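Okay, thanks for letting me jump in. I'll put the structure up and then talk through what I pulled out of it.

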Amino acid sequence: MKPKTDPQLAFLISINVLILLCAAILSRGAFIDSYNLQSMAAQVPELGLLAIGVMLAMSSGNGGIDLSGTALANLSGVASALLVSAFLSADADPWAFTVAFVAVAMLVGLLGGVLNGLLIAHLGLTPILCTLGTQMLFTGVAVVLSGGVSVRVGSAGPLMEIANGLVCGVPISFVIFCVISLLIGMTLKFSPFGIQLFLMGTNAKAARYSGFALSRILIRTYGMCGVLAGVVAVLIASRNVNVKWDYGQSYLLIAILITVMAGVKTEGGYGRMICIFLSATALQLLSSMFNFLDASNFIRDFAWGMLLLIFLATMRYDLKSLFIRTTSIPTSSVQRPPASTNHS
Amino acid sequence: MSCANSLSVDGGGEFTFRSRVKKRLDNRPELFTLFLIVALSVFVGSVNRDFLQVSTFFDLARSSTVIGLFALGVFVILAAGGIDLSFTAIAALSMYSVTKLVVSYFPEAPMLLVFLAAASGGALLGLINGLLVHGLKAPSMIVTIGTQYLFRGFLLSFVGTVWVLSLPDKMEAFGKIALFSFVSKQGTHAMLPAFVLILVFASLLTWWILNRTLIGKAIFAIGGSLPIAERLGYNVRAVHIFIFTYTGALAGIAGMIHVCSNRLANPFDLVGSEIDVIAAVVLGGARITGGTGTVPGTLLGVVLVVLINNVLIMAGVPSTWQRVIVGAFILLAGALFLLRRKR
């Protein structure tokens with residue numbers, strides 16, 4: 001990393017520490033005992049992974065967004081639970097069951113993501129419209145498959161271990177989340193794919209004339225979102241034993257909130273994995289603090305909505321000026337024309 | 001706008017049936033929606049004779065009113081290149097608060113006042129949306145996801161979570177006013193509620209605003225291309241504020257009709273149905289990137305979605321399939337409307 005400090009990163013670190021301190025003081029230390037920290041760490045991955053998906057889609061620019069992540073995760077869970085239970089018994093062969101469940105869930109996720117990518121890249125559907133349609137489609141297929149009721153995933157030992165087990169005191173799901181963030185972060189930063197993705201998000205027209213295979217990048221990006229949704233499906237199944245088509249109704253908002261808080265540019269071309277990570281942990285800390293304060297779910301919804309708007313505002317009015325005195329004052333009040341205006 | 005061009009360019013060539021159909025579809029994408037409606041009705045009608053009854057039509061009209069009012073508002077925002085996900089939360093907050101106020105302080109309130117209060121409550125919340133979307137310069141979808149949670153969280157944490165079951169007499173009576181009513185051969189009572197007229201009036205008003213006023217021109221111009229409209233001197237701020245306020249007002253009215261029609265005010269209602277409404281508007285031929293669409297098309301889209309949600313079950317299609325079908329139709333319509341532009 002360049003020696004210059006990223007104000008967003010500094011901000012996220014300080015907000016994490018601040019919430020942790022506040023909560024610890026308010027709860028008289030109960031907040032930072034190892035049990036609570038473990039349970040918080042076990043809850044971050046689902047939302048964090050969905051947020052990475054949203055970030056990937058946003059980075060591709062041209063209004064890119066993935067609204068179908070939660071729906072795809074639910075579909076993967078339902079489909080995998082039904083398919084694998086039909087062939088394998090969770091009690092007789094727990095390891096085979098777990099491996100098959102994870103494989104099918106990720107495969108369904110990949111297929112769903114690639115479908116999104118194909119529709120956007122080859123048919124030219126707007127990402128909003130496409131993922132809105134597939135969100136309904138995925139949810140619908142999950143409803144049809146499960147008949148609208150929750151599906152029990154067999155209680156195979158290794159599968160349950162994923163969300164509930166610990167490695168050296170750290171929840172396994174959290175380790176998975178860290179590994180995946182690291183992998184994707186490295187891919188984005190060092191591989192040609194990652195660099196091309198961000199360049200395409202910055203200026204699709206220039207990327208096209210530079211000879212980037214735009215459709216392939218798009219399909220890969222949305223495919224990655226899909227695989228992430230598949231991983232989320234495994235975590236959900238492991239944590240709740242049951243999977244259902246309407247699980248996690250407010251996940252979409254929170255995933256978007258995490259990405260916005262992480263400073264990912266909504267118009268594409270910029271996003272840092274470390275910021276997503278810290279932003280996810282900050283939200284989890286805040287959410288647990290609400291739990292400690294006995295706040296209702298509705299208050300939490302209210303707070304999430306408010307936070308999202310506040311962070312949009314801070315993006316607009318430039319966070320940097322709060323931390324570092326910059327000599328050049330941004331004067332771009334006129335909107336830049338969007339990168340791609342090839343409507344015909 | 002593009003219809004004049006395509007006519008003059010393609011005109012004079014061979015007029016095969018295919019090319020004529022294609023051309024009609026180019027200019028009027030809602031014809032495709034109409035085709036789907038007719039095909040669906042013929043299908044359901046042939047499977048189940050009960051469909052071909054006046055009472056079914058009355059039921060459809062009743063179900064279309066609330067979603068239709070929502071759709072008109074969403075269409076206006078979509079035409080200007082934005083998107084709104086908070087209108088159901090606006091409707092819920094406005095209808096529940098106004099109902100609660102009327103019940104506890106002014107049970108004798110005339111209906112006009114009740115509707116005015118609901119509309120202005122909705123308009124106020126819409127105004128907040130408009131100011132935020134313009135001021136934050138962020139995608140309207142992300143802003144309105146935020147306000148959706150804000151409004152709904154506010155409603156459920158500070159206003160109330162209890163159903164209001166006993167409405168004032170006037171509101172109760174309003175939901176029962178019939179435009180037509182008769183007793184069918186099977187002995188069931190069928191009636192066309194008078195509040196359908198509100199949708200008719202709102203459609204005419206929306207059509208008039210979009211096609212006969214300067215702000216309508218500005219809405220389509222901004223939806224077509226924001227930078228160009230800005231350079232042409234259109235007041236983007238005024239348009240943003242207008243469209244969101246207008247949609248908020250329509251949502252408030254829709255929420256109040258929902259209360260009168262169901263004879264109870266449930267604060268948990270409505271939120272969650274926004275995706276159906278957006279589906280209806282998109283199926284009606286409005287492009288999600290803005291600049292296109294018509295009021296009749298939007299209404300056809302509403303009819304199509306209401307048909308799928310209410311009538312398919314009469315043909316023996318299980319209700320679990322509704323989402324799959326609406327989702328598939330969105331993708332299909334989106335792809336079709338795109339292909340016609342690509343040629």
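So, between chain B and chain A, the number of residue pairs in polar contact, counting pairs with both residues at pLDDT 80 or more, is zero. Keep in mind that this is a predicted model. Salt bridges between chain B and chain A? Also a count of zero.

Which parts of chain B do the touching, then? Helix 6 (111-136), helix 7 (140-159), helix 11 (226-231), helix 13 (274-283) and helix 15 (322-342) of chain B each put at least two residues into the side that touches chain A. Helix 7 of chain B gives the most, with 13 residues. If you sort the residues on that side of chain B by type, you get 29 nonpolar, 10 polar and seven charged.

Now the totals. On the chain B side 46 residues are in contact, and they meet 49 residues of chain A. The area buried between the two chains comes to about 4100 Å², and carbon and sulfur atoms give 80% of that. Three residues to click on here are B:Y149, B:R323 and B:L331: together they supply 16% of the area that chain B buries against chain A, more than any other three residues.

Okay, salt bridges. Over all chains, the structure holds two. One is A:R239 with A:E46, where the closest N and O atoms are 2.9 Å apart. A:R239 sits in helix 10 (residues 214-240) of chain A and A:E46 in helix 2 (residues 34-59) of chain A, so this pair ties together parts that are 193 residues apart in sequence. Are the two partners buried or exposed? A:E46 counts as buried, because its relative accessibility is 2%, while A:R239 is partly exposed at 30%.

The other salt bridge joins the side chains of A:D246 and A:K244, at 3.6 Å from N to O. A:D246 is partly exposed, with a relative accessible area of 25%, and A:K244 is partly exposed too, at 29%.

Last stop, back on chain B: B:I241. You'll find B:I241 in helix 12 (residues 236-262) of chain B. B:I241 has 18% relative accessibility, so it counts as buried, the cut-off being under 20%. What does B:I241 touch, leaving aside neighbours within four places in sequence? B:I241 is in contact with B:L127, B:G130 and B:L131. And if you want a distance to check on your own screen, the C-alpha atoms of B:I241 and B:S63 are separated by 29 Å, with their positions 178 residues apart along the chain.

How values were computed. Residues are numbered from 1 along each chain as its sequence is written. Chains are lettered from A and ligands numbered from 1 in the order in which they are written. This is a predicted model: local features need pLDDT of at least 70, side-chain atom pairs count only at pLDDT 80 or more; totals for chains, interfaces and linings use all residues. Side-chain values use heavy atoms; hydrogens and water are left out. Helices (H or I, at least four residues) and strands (E, at least two) are DSSP runs, numbered from the N terminus. Buried means under 20% relative accessible area, exposed over 50%, partly exposed in between (1.4 Å probe, protein chains only). Contact means heavy atoms within 4.5 Å. Buried area is the accessible area (1.4 Å probe) that two parts lose on being put together, summed over both. A salt bridge is a side-chain nitrogen of Lys or Arg within 4 Å of a carboxyl oxygen of Asp or Glu. A polar contact is a pair of N or O atoms within 3.5 Å; within protein, one must be able to donate a hydrogen and the other to accept it, and residues adjacent in sequence count only if both atoms are side-chain atoms. Ala, Val, Leu, Ile, Met, Phe, Trp, Tyr, Cys and Pro count as nonpolar, Asp, Glu, Lys and Arg as charged, and the others, Gly among them, as polar.
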